[in-house]
Amino acid sequence: QVQLVESGGGLVQPGGSLSLSCAASGSIFGFYVMGWYRQAPGKQRELVARITRGDTANYADSVKGRFTISRDNAKNIVTVYLRMNSLKPEDTAVYYCNTVPVGTTIPWGQGTQVTVSS
């Protein structure tokens with residue numbers, strides 16, 4: 001059974017930092033590019049960072065230089081991290097992890113809310 005569980009969100013002031021974690025249960029995730037997505041109210045879900053099995057990372061322009069994605073590949077679980085620095089109000093969103101591209105048979109997790117506000 002495959003499952004995605006995100007954690008680590010919260011309320012932070014502008015300029016602050018947060019670290020998110022995603023536990024991707026299921027051996028299949030070790031074979032995939034993994035990514036962090038976010039969805040702000042009234043907007044479409046967008047990919048903000050991705051990382052290959054070989055730890056090559058790519059970022060959306062909006063987060064480049066501020067966010068860092070990493071992963072830890074174990075046998076039956078992949079943990080994907082997102083370190084977010086210099087947070088801005090426009091980073092406020094629900095953050096999700098999933099494969100890149102998104103598979104039709106892998107359900108989304110519940111996400112974790114990140115709110116950047118003074």
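Over which ring does the charged end of Arg45 sit? I looked this up in a model that is predicted, and I found the charged end of Arg45 over the ring of Tyr96, 4.1 Å from its centre. I then checked Trp108 and noted that Arg45 also lies over the face of this residue, at 3.9 Å from the ring centre.

Next I turned to the rings themselves, where I counted two aromatic pairs. In the pair of Tyr37 and Trp108, the ring centres are 5.2 Å apart and the planes stand at 85°, so I entered the pair as edge-to-face, the cut-off for that being over 60 degrees. Because Tyr37 lies in strand β4 and Trp108 in the loop between β9 and β10, this pair ties together parts that are 71 residues apart in sequence. For Tyr96 and Trp108 I read centres 5.7 Å apart and planes at 80°, so this pair is edge-to-face as well; Tyr96 belongs to strand β9, and 12 residues separate it from Trp108. I therefore recorded Tyr37, Tyr96 and Trp108 as one aromatic cluster.

Are the cluster residues buried or exposed? I have Tyr37 as buried at 8% relative accessible area and Tyr96 as buried at 11%, whereas Trp108 is partly exposed at 32%.

Last, I followed the strands: β4 (residues 34-39) and β9 (residues 93-99) run antiparallel and are joined by six bridges, with Gln39 standing opposite Val94. Both strands belong to an open, mixed sheet of six, ordered β2-β10-β9-β4-β5-β6. I noted β2 (10-12) and β6 (57-59) at the edges, each with a single partner strand, so one side of each lacks a neighbour in the sheet.

Methods. Residues numbered from 1 in each chain as written. Predicted model: local features only at pLDDT ≥ 70, side-chain atom pairs only at ≥ 80, totals over all residues. Heavy atoms only, no water. Pairing = 2+ DSSP bridges. Helix = DSSP H or I, 4+ residues; strand = E, 2+ residues; numbered from the N terminus. Phe/Tyr/Trp six-rings, centres within 6.5 Å; stacked < 30°, edge-to-face > 60°. Buried < 20%, exposed > 50% of the residue type's maximum accessible area, 1.4 Å probe, protein only. Lys NZ or Arg CZ within 6 Å of the ring centre and 35° of its normal.
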